[in-house]
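Please look over the sequence and the model together before reading on. The paragraphs below start with how exposure is judged, and then move from the whole chain to single helices and residues.

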Amino acid sequence: MCKAQAGLTYQQYCVAVVCTVLLLLAAWPVQGVRATQGAEQDAVAPAPAGSLSGNPAGNPADSPFTHSAHSASPARSPEPAHDAAAGNAAAIQPSGFPTGLLWGQNSPAAGAPPTGAAPSASAGASVASSRSDQGGLAEGKPTEGELAPGEPVRLGMSAPFSGSGASLGREFHRGAASCLARVNASGGVHGRRVEIVAMDDGYDPERTVWNVIRLIEEERVFALFGLVGTPTVTRVLPLLGGHPERTVPLLFPFTGARPLSLPRHEGLVFRLRASYDTEFSALVDRLHGVECCRIAVLYQADAYGREGWADLRDALARRRLSLAAEASYPRGAGSDADFTEQAGLILQGMPDAVVCVGTDTACAAFIRDLRDLLAARGVKQQAGQSPGKLSGHQAGQPSRQIPHKGEPAIPVAMPSFVDSTHLVELLAVMERTAQRNYTHDLVLAEVVPPWTGNLPAAMDYRRDFAEMTDTPEVTNVPGNEMAPSSVSDGEPVGLAQHPGEVSFEGYLAARLLVRALERMGPHPSPAGLRAALAGLDGYDLGVGQPYRYTPTEQGLGLVRFTTVRNGMPVDLRDFSEWRR
């Protein structure tokens, strides 16, 4: 009747409806961007049905598993999970990013600016103006993002230089800086210095967002480099292609999260390390080969932990297995946290092996409490008492008995995100305090070759690492508080400056970037990184295997395992000591 009254034909009516819908959609661009970015901030890639949708908040109580224990939180966790209260979230629209909204929490105490204040637009404009003036000195007009003659290649790095993940940020930066120090001492790349502008984010996703905004808008970095952590990296992915003036790629982040390899990030994110899915698949294959079929997991309650939880579950499902038990803990837990409750819940599942998806400090605390609990139960068994009474288990509930003499122990495995060098240091201090061995039966995944061997890159790394002195760890960018030169954050062990897998990965990342800059010639631009890295497909960085850049593969793709013997990490090729 409406059509007849308006005097419209059917075709005219359809055209009017379509035009109305298009006008409505055009009026709502912000909501569309909010939905896209909100799904990407602290989430992992879609998985088979039930892998994540059944446990969106990291709460094992809502897990799709039917044979797993409930989770618990450490009673002495030193830091809260900063992204737990969605009700405090506020929409922030900083200058320079008009196409999207960044979601953050009002946590100025955590080091982030108040949610009502955006980074200084005047400061960003002045920096941008000075850069433009330099660009005008070049012969001809530089292309978008192309550096002016003699202008250094500046890399922006937001990483934890303090807090529970401090060893990762500091060591990755040290390794990269040691490589670039030699390059710059030799004249740089085509006469340009390569520099790192590093900012401390404390492993806090919100601080990472603000740091990245400053690095892009105020510091005008060539590219982002070596960002550390899944919850932090996934939060800033929308920023990579969201700037209206230029695209800033992300080079070699220290995470193996699935979102990095999604098609929409092709040409924006460049990877060096293997994915977590590859790591957990290799780990499950090795454990299954020695008949360790009951595998439990402790995971950090954030994007990183849920990523590991999902990848481990998927790897088990390919073997027609399921998780024996699971427990979680909040991000920020340090080595002084109490994991007794988590250890008890894990042991209720009677596991053959336990996987810890956490930081080195949290993993060290869990290993200590797990070993203490097993030792105490062993004493109870020898005294003829029920070990279940020790942790208040109800009668009839299964309880893992301490292995008898000759029986295999329960190995504790960890992904490559755990700094194995710092983990061993933490456990060594705990051993001296408790007069008990905590470093036995550990399985540590690594995604770079051994730095101790005779590989050309390993020898160069050891030489450059030893020669580097007085390299600043955190650039004093206005608005960013420098981390102290020695940050312990309440930990019993300082962060010693000695070689290790994390700093070797940073060294290889910088080495690969230098090769890409060499291929780009005297006028590098961020837009040319993709072609330069693709041209290095098959290139050996000096590690005995090629770097790959193909439509289906990117990075070294290496996964190996180590364990601890006499207080030192050594290669682990045989899992037979844990055969069931």
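A residue is called buried when its relative accessible area is under 20%, exposed when that value is over 50%, and partly exposed in between. The model to which these terms are applied here is a predicted one. His190 offers a case of the middle class, because a relative accessibility of 43% makes it partly exposed. This histidine lies in the loop between helix 5 and strand 4, the latter being residues 194-200, and its phi is positive, at about 55°, although His190 is not a glycine. Such a value deserves attention because most residues other than glycine have a negative phi.

With that vocabulary in hand, the chain as a whole can be described. The protein chain holds 15 helices and 16 strands, and of its 580 residues 55% are buried. Its accessible surface comes to about 23,800 Å², and carbon and sulfur atoms account for 54% of that area. If one takes the contacts between residues at least 6 apart in sequence, 77% of them join residues at least 24 apart.

Helix 5, the element that precedes the loop of His190, is a useful place to begin a closer reading. At 1.5 Å a residue, the 20 residues of this helix (166-185) should span 28 Å, and the C-alpha atoms at its ends are indeed 28 Å apart, so the expected and the modelled spans agree. Helix 5 is also largely enclosed by the rest of the structure, because 17 of its 20 residues are buried. Just after the helix, Gly187 takes a positive phi of about 105°.

What part of the chain packs against helix 5, and at what angle do the axes cross? The partner is helix 14 (residues 501-520), whose axis comes within 7 Å of that of helix 5 and crosses it at roughly 40°. That angle makes helix 5 oblique to helix 14. On the side of helix 5, the residues that make the contact include Leu168, Phe172, Gly175, Ala176 and Val183, while those of helix 14 include Val502, Gly506, Ala509, Ala510 and Val514. The crossing of these two helices is right-handed.

A second helix pair can be read in the same manner, since two packed helices are described by the angle between their axes and the distance between the axes. Helix 6 (residues 205-217) and helix 7 (residues 230-240) pack with their axes 9 Å apart and at an angle of about 40°, which means that helix 6 is oblique to helix 7. Helix 6 contributes Pro205, Glu206, Thr208, Val209, Val212, Ile213 and Ile216 to the contact, and helix 7 contributes Pro231, Thr232, Arg235, Val236 and Leu239. Here, too, the crossing is right-handed.

Pro231 also leads to another part of the chain, since its C-alpha atom is separated by 9.8 Å from that of Glu307, a residue 76 places away along the chain. Glu307 belongs to helix 9 (residues 303-317), and a relative accessible area of 1% makes this glutamate buried.

Helix 8 (residues 276-289) allows the same check of length as helix 5: its 14 residues should span 20 Å at 1.5 Å a residue, and its end C-alpha atoms are 20 Å apart, which agrees. Its buried residues are Tyr276, Glu279, Phe280, Ser281, Leu283, Val284 and Leu287. Just after helix 8, Glu291 takes a positive phi of about 65°.

Two further sites involve helix 12 or the loop that follows. Thr421 sits in helix 12 (residues 420-434) and is buried, because its relative accessible area is 18%; beyond its neighbours within four places in sequence, Thr421 is in contact with His498, Pro499, Gly500 and Glu501. Asp441 lies in the loop between helix 12 and strand 12 (442-446), where its phi is near 55°, a positive value in a residue other than glycine. Asp441 has a relative accessible area of 14% and is therefore buried.

The last stop is Leu556, in the loop between strand 14 (554-555) and strand 15 (560-565). Is this leucine buried or exposed? At 5% relative accessibility, Leu556 counts as buried. Setting aside residues up to four places away in sequence, Leu556 touches Leu272, Leu508, Val543, Gln545, Pro546 and Tyr547, and its C-alpha atom is separated by 6.7 Å from that of Ala274, although the two residues are 282 apart along the chain.

How values were computed
Residues are numbered from 1 along each chain as its sequence is written. This is a predicted model: local features need pLDDT of at least 70, side-chain atom pairs count only at pLDDT 80 or more; totals for chains, interfaces and linings use all residues. Side-chain values use heavy atoms; hydrogens and water are left out. Helices (H or I, at least four residues) and strands (E, at least two) are DSSP runs, numbered from the N terminus. Buried means under 20% relative accessible area, exposed over 50%, partly exposed in between (1.4 Å probe, protein chains only). Contact means heavy atoms within 4.5 Å. Accessible areas come from the Shrake-Rupley method with a 1.4 Å probe; for residues, only the protein chains shown count as cover. The expected span of a helix is 1.5 Å times one less than its number of residues. Axes are lines fitted to C-alpha atoms, for helices over the stretch in contact, and angles run from 0 to 180 degrees between N-to-C directions. Angles under 35 degrees count as roughly parallel, over 145 as roughly antiparallel, 65 to 115 as roughly perpendicular and the rest as oblique. A crossing is left-handed if the near helix is turned anticlockwise from the far one by less than a right angle, and right-handed if clockwise.
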